[in-house]
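Work through these exercises with the model open. Try each task before reading its solution.

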Amino acid sequence: MSFPEMRSCLDLIKPYVPGKPVEEVERELGLSDVIKLASNENALGPSPLAVKAMQENAAKMHIYPDGNCYYLKEALAAKLKIKPDQLLFGNGSDEILSFLTLALINPGDEAVMVAPSFSEYDFAMRLMGGVPRLVPLVGSEFAYDFDAILAAINNQTRIIFICSPNNPTGSHIQGAEFEKFLGKLPDKVLVVLDQAYIEYVTDPGHPDGLNLIDKGFPVIALRTFSKIFGLAGLRIGYGIASSALIAGLNRVREPFNVNAMAQKAALAALSDTAHLEHSVALVEQGRKMFSAGLSALGLKPVPDQANFCFVDLGVDSRQAFQTLLLKGVIVRTGDIFGYPTFIRVTYGTAEQNERFLAALKEVLADLK
Ligand SMILES: Cc1ncc(COP(=O)(O)O)c(C=O)c1O
């Protein structure tokens, strides 16, 4: 007995390389007190209000969730000053990426995306037999080259993925330049503006995306509760777009795609501005600590507007990763993004940042 052939487009999917879980490293290396600075999570954890909401609702989990996320949708729409039907929730914003390609991509259709960037754009395209077209980011600051992106568009292009701040580089786009670029797009191309880290942005020139949707540009903005809201384990993210696009995407959504606990926690987290402010301040402190600590080691991180740092160590990042691991610090290697001497490190608490910087100093002394 054999099973049917898998669709051939699946052969082109590269398996996702997640950050190594703390428990796995502790188990494998016999360590305790391991710190993970590898997945751009919030070192403060979730808002206490979200934790309370989860505790209060734990006994109600025999009931299916509200497939429409009504209360969360109303609250978020009011906060963003948009209509509730401009919002779509997903099991993480990852799921919205899949909705987009499920709804828009036929085999052979193309999407333009920058390199290096978030791997799930490639995954979502490949899943549908779509073809990613890569445009490199430019210079030591990994800037977007919008002319090159425009030049990569052809008759098959359906989607352009723009990630700002970009994972893994932390680099970001400017609103004025982005709007000019949108004005030059051909008809029937959708721009996916991934804003997973937008809450950390301090540059007033960065686009919030919502005014562009308002102006009628073909844009969907993606955001998440996994990063600053500290709810990555619950899996909840959302898309913001015109009501018409959201209605179309809703057709490919499973009825209960966002779990009830996630909806309760996200609703509570939204109202906790103190937690958000504290989280932003922690990242700003982390950026300063890294900048000083790395410069003392002769290293220059890529300027970022996110909660992580991308830096060229000038040595094999896999070796650096392994040695850091032995010291109980988990980071992300740059080879998975095509930058084998870089690492990506999430800003943690002051204590975690100090521990990373001290460990890195020892590792570089060994490897250089
Ligand atoms: C740029 C970017 N977009 C989307 C995501 C996925 O977020 P979620 O946890 O909401 O699926 C991530 C997570 O690392 C990310 O870095």
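**Exercise 1.** Which residue stands opposite I240 in β8?

*Solution.* Start with the ground rules. This is a predicted model, in which local features need pLDDT of at least 70, side-chain atom pairs count only at pLDDT 80 or more, and totals for chains, interfaces and linings use all residues. Residues are numbered from 1 along each chain as its sequence is written.

Next, find the strands (DSSP runs of E, at least two residues, numbered from the N terminus; helices are runs of H or I, at least four residues). Strand β7 covers residues 219-224 and runs antiparallel to β8, with four bridges joining them. A221 is the residue opposite I240.

Now turn to β2, residues 87-90. This strand also pairs with β8 in the antiparallel sense, over four bridges. Here L88 faces G239. Pairing requires that DSSP find at least two bridges between the two strands.

Finish with the side chains' directions. From β8 (residues 237-240), G237 and G239 point one way, while Y238 and I240 point the other way. All four are buried, that is, 20 or more other C-beta atoms lie within 10 Å of a residue's own (exposed: 12 or fewer; partly exposed: in between), with C-beta atoms placed from the backbone.

**Exercise 2.** Determine the strand order of the sheet that holds β12.

*Solution.* Take the partners one by one. Strand β9 (residues 308-312) pairs with β12 over five bridges, antiparallel. F308 lies opposite T346 there. Strand β11 (residues 332-333) pairs with β12 over two bridges, again antiparallel. R332 has R344 as its bridge partner.

Combine these. The order is β9-β12-β11, an open sheet of three strands. Because β9 and β11 are at the edges with a single partner strand each, one side of each has no neighbour in the sheet.

Check burial. In β12 (residues 342-346), five of five residues are buried. F342, R344 and T346 point one way; I343 and V345 point the other.

**Exercise 3.** Which residues have the most contacts inside the largest nonpolar core?

*Solution.* Define the core: buried Ala, Val, Leu, Ile, Met, Phe, Trp, Tyr and Cys residues joined through C-beta atoms within 7 Å. The largest one has 93 residues, and V192, I220, L231 and A265 have the most contacts inside it. Helix α10 (residues 260-270) gives the most, with six residues. At least three residues come from each of domain 1 (12-45 + 274-367) and domain 2 (48-270); these bounds come from an automatic or database domain assignment.

Zoom in on A265. Leaving out residues up to four places away in sequence, A265 touches P46, A50, A53, M54, L231 and L234. Contact means C-beta atoms, placed from the backbone, within 7 Å.

Conventions:
Contact = placed C-beta atoms within 7 Å.
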